[in-house]
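Subject: Handover of a structure

Dear colleague,

I am handing over the structure below, and my notes on it follow. Please read them with the model open.

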Amino acid sequence: MSHILIEMMSQLTRLTKEEALAIEQSFPLKTFDKGTYLLKEGQIAKATYFIIKGCIREYKLIDGEEKTTAFFTEHQSVANFNSLANQTPSDRKS
């Protein structure tokens with residue numbers, strides 16, 4: 001499979017082989033099974049994500065009930081910037 005970020009950036013500018021290799025090495029493609037938690041409440045975010053295929057649901061537990069706060073779909077990025085930047089525990093799940 002070709003790398004989506006290389007494809008997208010190549011539409012904007014010409015990349016050298018070295019630049020394309022650096023992108024592949026810096027942004028590895030990963031596949032997650034349906035139902036996988038990328039970040040759980042109380043964990044500190046360590047990554048950001050770009051959705052190539054599928055959907056991510058973000059939610060909070062309120063009085064023991066899941067309340068969806070957002071959906072992210074193909075070609076959108078997902079991150080808990082507060083947790084990532086401040087290295088503080090997340091208050092939501094995705």
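Strands here are DSSP runs of E with at least two residues, and helices are DSSP runs of H or I with at least four, both numbered from the N terminus. By that definition tyrosine 59 sits in strand S2. Please keep in mind throughout that this is a predicted model.

Overall fold

The protein contains three helices and four strands. In sequence order these follow the pattern α-α-β-β-β-β-α. The radius of gyration is 16 Å, well over the 12 Å that the globule rule gives for 94 residues, so the protein is more spread out than a compact globule. The C-alpha trace covers about 50 × 25 × 20 Å along the principal axes. Of the 94 residues, 22% count as buried. If only contacts between residues at least 6 apart in sequence are taken, 53% of them join residues at least 24 apart.

The aromatic pair

How many aromatic pairs does the structure hold? There is one aromatic pair. Its members are phenylalanine 32 and tyrosine 49, in an edge-to-face arrangement with 6.0 Å from centre to centre and 80° between the planes. Phenylalanine 32 belongs to the loop between helix H2 (17-26) and strand S1 (49-50), while tyrosine 49 belongs to strand S1, so the pair ties together parts that are 17 residues apart in sequence.

Are the two rings' residues buried, partly exposed or exposed? Phenylalanine 32 has a relative accessibility of 41% and counts as partly exposed. Tyrosine 49, at 24%, is partly exposed as well; the cut-off for buried is under 20%.

The largest pocket

Both members of the pair come up again here. The largest pocket has a volume of about 1100 Å³. It is lined by 34 residues, of which Phe32, Leu38, Tyr49, Phe50 and Ile56 are the closest to its centre. Helix H1 (4-10), S1, strand S2 (55-62) and strand S4 (77-78) each contribute at least two residues to the lining of this pocket. S2 gives the largest share of the lining, with four residues. Sorted by class, the lining consists of 20 nonpolar, nine polar and five charged residues.

Individual residues

Tyrosine 59, the S2 residue mentioned at the start, has a relative accessibility of 4% and counts as buried. Its C-alpha lies 24 Å from that of leucine 29, and the two residues are 30 apart in sequence.

Glutamate 24 is located in helix H2. With a relative accessible area of 41%, glutamate 24 is partly exposed. Which residues does glutamate 24 touch, not counting those up to four places away in sequence? They are His3 and Ile6. The C-alpha atoms of glutamate 24 and alanine 70 are 29 Å apart, with their positions 46 residues apart along the chain counted as separation.

Leucine 84 lies in helix H3 and is partly exposed at a relative accessible area of 26%. Setting aside neighbours within four places in sequence, leucine 84 is in contact with Ala45, Lys46, Ala47 and Thr48. For the last of these, threonine 48, the C-alpha separation from leucine 84 is 8.5 Å, and the two are 36 residues apart along the chain.

Positive phi values

Two residues should be listed for their backbone angles. Histidine 75 is not a glycine, yet has a positive phi of about 70°. Histidine 75 is placed in the loop between strand S3 (65-73) and S4, and its relative accessible area of 48% makes it partly exposed.

Glutamine 87, also a residue other than glycine, has a positive phi near 50°. Glutamine 87 follows helix H3 (81-86), in the segment after it. At 39% relative accessibility, glutamine 87 is partly exposed.

That covers my notes on the model.

Regards

Definitions and conventions:
Residues numbered from 1 in each chain as written. Predicted model: local features only at pLDDT ≥ 70, side-chain atom pairs only at ≥ 80, totals over all residues. Heavy atoms only, no water. Phe/Tyr/Trp six-rings, centres within 6.5 Å; stacked < 30°, edge-to-face > 60°. Buried < 20%, exposed > 50% of the residue type's maximum accessible area, 1.4 Å probe, protein only. 1 Å grid on protein atoms, 1.4 Å probe; cavity = no way out; pocket = protein on both sides within 12 Å on 5 of 7 lines; lining within 4 Å. Points joined across faces, edges and corners; volume = space filled by probe spheres on them. Nonpolar A, V, L, I, M, F, W, Y, C, P; charged D, E, K, R; others polar. Contact = heavy atoms within 4.5 Å. Rg over C-alpha atoms; globule rule 2.2 N^0.38 Å.
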